[in-house]
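Reader: I have a model open on my screen and I'd like to learn how to read it. Can you walk me through it?

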Amino acid sequence: MEATGRTALYICCSVLFILTEVNSELIHIPSLVHHGIEGEPLRLPVETRFPLDKVEIQGTWSHTRPSGTRVTLVTFTKEATITDMMYRSHLHFSEPNISLEILELNQEDEGDYHLNLNIEFHNKTGLVIKEERTVHVTVDVPVSRPVIGKSPSYAVVEDKSNVTWTCSVKEGTKVVFQWLRDDIPLGPSDRYHFSQDRSTLFISPVRKEDKGSYQCVASNPVSQGQYSGTMELNVYYGPYNLEVNSGQGLRTGEVFTINPGELVFFECRADSNPPTSYVWISKSHNATQVITEGPRLEVRSYKLAQAEEYLCRAFNNVTEKQDEAQFTLVVASLGPGKEKHTQDRSSVLPLAAITVCSLFIISCMLMFFIRRTCHPKRVLMSIYNRPLTEQKRPHRSGHEDATEDFGIYEFVSIPGKMESAQASCRSLAHLESVQDMHTTIYDVIGHVPETSSQSFLE
């Protein structure tokens with residue numbers, strides 16, 4: 001009983017091993033999808049990975065058309081091949097690798113090709129391995145160079161017109177189209193509408209940004225992209241972005257300031273197709289007056305008695321749209337250099353700030369120096385430290401040096417040995433050395449502390 005169980009287990013393991021081996025190695029088809037070209041041959045290769053002398057095989061190739069009809073093309077064994085009589089001149093069965101070749105493709109050859117194969121190994125009698133594979137085949141005609149068309153063929157007006165683009169090829173099947181504007185691919189949007197195969201592009205309504213060079217690209221599974229020629233779309237638009245400029249005077253927003261007697265030129269420009277016509281209008285005293293036509297205006301400032309308003313009007317006679325730009329002209333003395341750069345005024349502010357800061361620093365330094373040099377206490381200390389002989393040098397006039405007579409005088413009394421004596425008047429700048437004197441020098445010096453007067457009397 002135990003031996004029987006071991007035998008059954010061995011058989012099961014052997015079968016599983018064979019099945020695994022067959023599924024992974026017996027048949028291999030390199031590609032399950034083939035894109036064939038009409039009128040050319042197509043081979044459906046099959047690789048057999050088992051020794052034919054050790055097996056018995058039986059199989060069929062069949063074809064299912066897109067309509068659903070299925071036909072058996074070839075029935076084969078290792079010894080014989082039977083091809084359907086309707087396809088003998090159209091097919092070639094390759095032995096022994098069981099590959100199938102279609103000699104000349106046509107549209108009816110499209111569809112799925114099924115390979116059914118039964119394999120029986122000689123040493124495994126009664127064990128039949130069944131293999132099935134399906135290969136999909138398409139048949140296409142290469143694409144010719146596409147041709148584009150546009151309707152209407154003339155220029156169109158923005159927001160009023162629609163444009164239809166078409167792309168067509170003389171040859172090609174299953175063609176896919178792609179549209180480009182200025183080499184940039186286009187996709188669906190609220191104004192761009194495509195047909196199912198994208199051979200038609202409908203733009204509604206046309207706008208300024210739609211102008212440019214249009215081109216289409218056609219391709220299919222057997223052809224790389226084929227480019228058409230380019231075609232221009234001309235769109236009438238505008239005027240947009242109207243501006244008034246001048247290379248003279250000083251501009252602040254919409255106000256131009258010019259020097260008295262200066263001749264000034266103004267330019268009016270707008271983005272428009274076709275180019276717009278320009279009219280210059282003067283506005284004064286609640287009245288308007290057409291001055292001139294064209295993009296250029298000449299103004300002589302000496303003819304202006306006061307500030308005056310001007311207006312440039314641009315009109316596109318095709319789109320029937322217009323735009324206006326208004327400005328004020330003021331006559332005032334600007335000074336040299338101000339009429340060229342409006343930003344000069346802002347550059348003066350940092351310079352003025354630097355100048356003020358520099359002056360403030362210099363003033364602080366001077367005040368500090370004067371305070372340190374001319375402080376009354378320092379003057380007295382200087383007098384106190386001077387020799388007595390240097391303090392009393394008589395002048396020819398009988399007084400001390402005349403340059404020392406200049407200053408503020410105060411009567412002082414000196415206590416000590418000369419109690420009744422009165423000190424002579426001295427200059428504040430060179431008072432004699434005072435050690436025991438009590439005095440008041442106006443409001444500058446309130447009090448000099450008492451000290452011994454011995455050195456002073458000596």
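Author: Let's go through the overall make-up, then the sheets, a hairpin, a histidine and the aromatic rings.

Author: One thing up front: this is a predicted model.

Reader: Fine. How many helices and strands does the protein have?

Author: There are five helices and 30 strands. Buried residues account for 33% of the 458 residues. The accessible surface is about 28,400 Å², and 56% of that belongs to carbon and sulfur atoms.

Reader: And what share of the contacts between residues at least 6 apart joins residues at least 24 apart in sequence?

Author: That share is 58%.

Reader: On to sheets. In which order do the six strands of the open sheet come?

Author: Reading across, the order is β23-β24-β30-β29-β26-β27, and the pairing is mixed. To find the edges, look for strands with a single partner. Here those are β23 (250–252) and β27 (287–293), so each has one side without a neighbour in the sheet. From one strand to the next, the twist averages 30 degrees.

Reader: How many bridges join β29 to β30?

Author: Nine, and the two strands run antiparallel. To get your bearings on screen, pick Glu309 and look for its bridge partner in β30, Thr328.

Reader: How should I think about side chains along a strand?

Author: The general idea is that in a regular strand the side chains alternate between the two faces of the sheet.

Reader: There's a four-strand sheet as well. Which strands stand at its edges?

Author: The order in that open sheet is β12-β14-β18-β17, with antiparallel pairing. The edges are β12 (147–151) and β17 (192–194); each has a single partner strand, so one side of each lacks a neighbour in the sheet. Direction ignored, neighbouring strands here are turned by 15 degrees against each other on average. β17 pairs with β18 (residues 200–203) over three bridges, and His193 stands opposite Phe202 in β18.

Reader: What about β22: which strands does it pair with?

Author: Take two partners in turn. Strand β13 (residues 156–157) pairs with β22 (residues 235–245) in the parallel sense over two bridges, with Val157 opposite Tyr236. β22 also pairs with β25 (residues 263–273), this time in the antiparallel sense over five bridges. There, Val244 faces Cys268 in β25.

Reader: Can you show me a hairpin?

Author: Try β8 (residues 91–94) and β9 (residues 99–102), which pair antiparallel over four bridges. Ser94 stands opposite Ser99 in β9. Four residues lie between the strands of this hairpin, and Ile98 takes a positive phi near 55 degrees.

Reader: Where does His90 sit, and is His90 buried or exposed?

Author: His90 is in the loop between β7 (81–83) and β8. Its relative accessibility is 16%, so His90 counts as buried; the cut-off for buried is under 20%. Leaving aside neighbours within four places in sequence, His90 is in contact with Glu101, Ile102, Leu103, Glu104, Asn106 and Asp109. Of these, Glu104 is 14 residues from His90 along the chain, and their C-alpha atoms are separated by 6.8 Å.

Reader: Last topic, aromatics. How do I describe a ring pair?

Author: You use the distance of the centres and the angle of the planes. This structure holds nine aromatic pairs. In one of them, the rings of Phe256 and Phe327 have centres 5.5 Å apart and planes at 80 degrees, so the pair is edge-to-face. Phe256 is in strand β24 (residues 255–258) and Phe327 in strand β30 (residues 321–331), so this pair ties together parts that are 71 residues apart in sequence. Both Phe256 and Phe327 are buried.

Reader: And how do the rings of Tyr310 and Phe327 compare: stacked or edge-to-face?

Author: Stacked: the centres of the Tyr310 and Phe327 rings are 5.7 Å apart and the planes are at 20 degrees, so they fit that class. Tyr310 lies in β29 (residues 308–316) and Phe327 in β30, so the pair ties together parts 17 residues apart in sequence. Tyr310 is buried too.

Reader: Which residues do ring pairs link into a cluster?

Author: Phe256, Phe266, Trp280, Tyr310 and Phe327.

Reader: Where does the charged end of Arg198 sit?

Author: The charged end of Arg198 sits over the ring of Phe194, 4.8 Å from the ring's centre.

Terms used:
Residues are numbered from 1 along each chain as its sequence is written. This is a predicted model: local features need pLDDT of at least 70, side-chain atom pairs count only at pLDDT 80 or more; totals for chains, interfaces and linings use all residues. Side-chain values use heavy atoms; hydrogens and water are left out. Rings of Phe, Tyr and Trp (its six-membered ring) pair if their centres lie within 6.5 Å; planes under 30 degrees apart count as stacked, over 60 as edge-to-face and the rest as tilted. Buried means under 20% relative accessible area, exposed over 50%, partly exposed in between (1.4 Å probe, protein chains only). A charge sits over a ring if NZ of Lys or CZ of Arg is within 6 Å of the ring centre and within 35 degrees of the ring normal. Contact means heavy atoms within 4.5 Å. Accessible areas come from the Shrake-Rupley method with a 1.4 Å probe; for residues, only the protein chains shown count as cover. Two strands pair if DSSP finds at least two bridges between them. Axes are lines fitted to C-alpha atoms, for helices over the stretch in contact, and angles run from 0 to 180 degrees between N-to-C directions.
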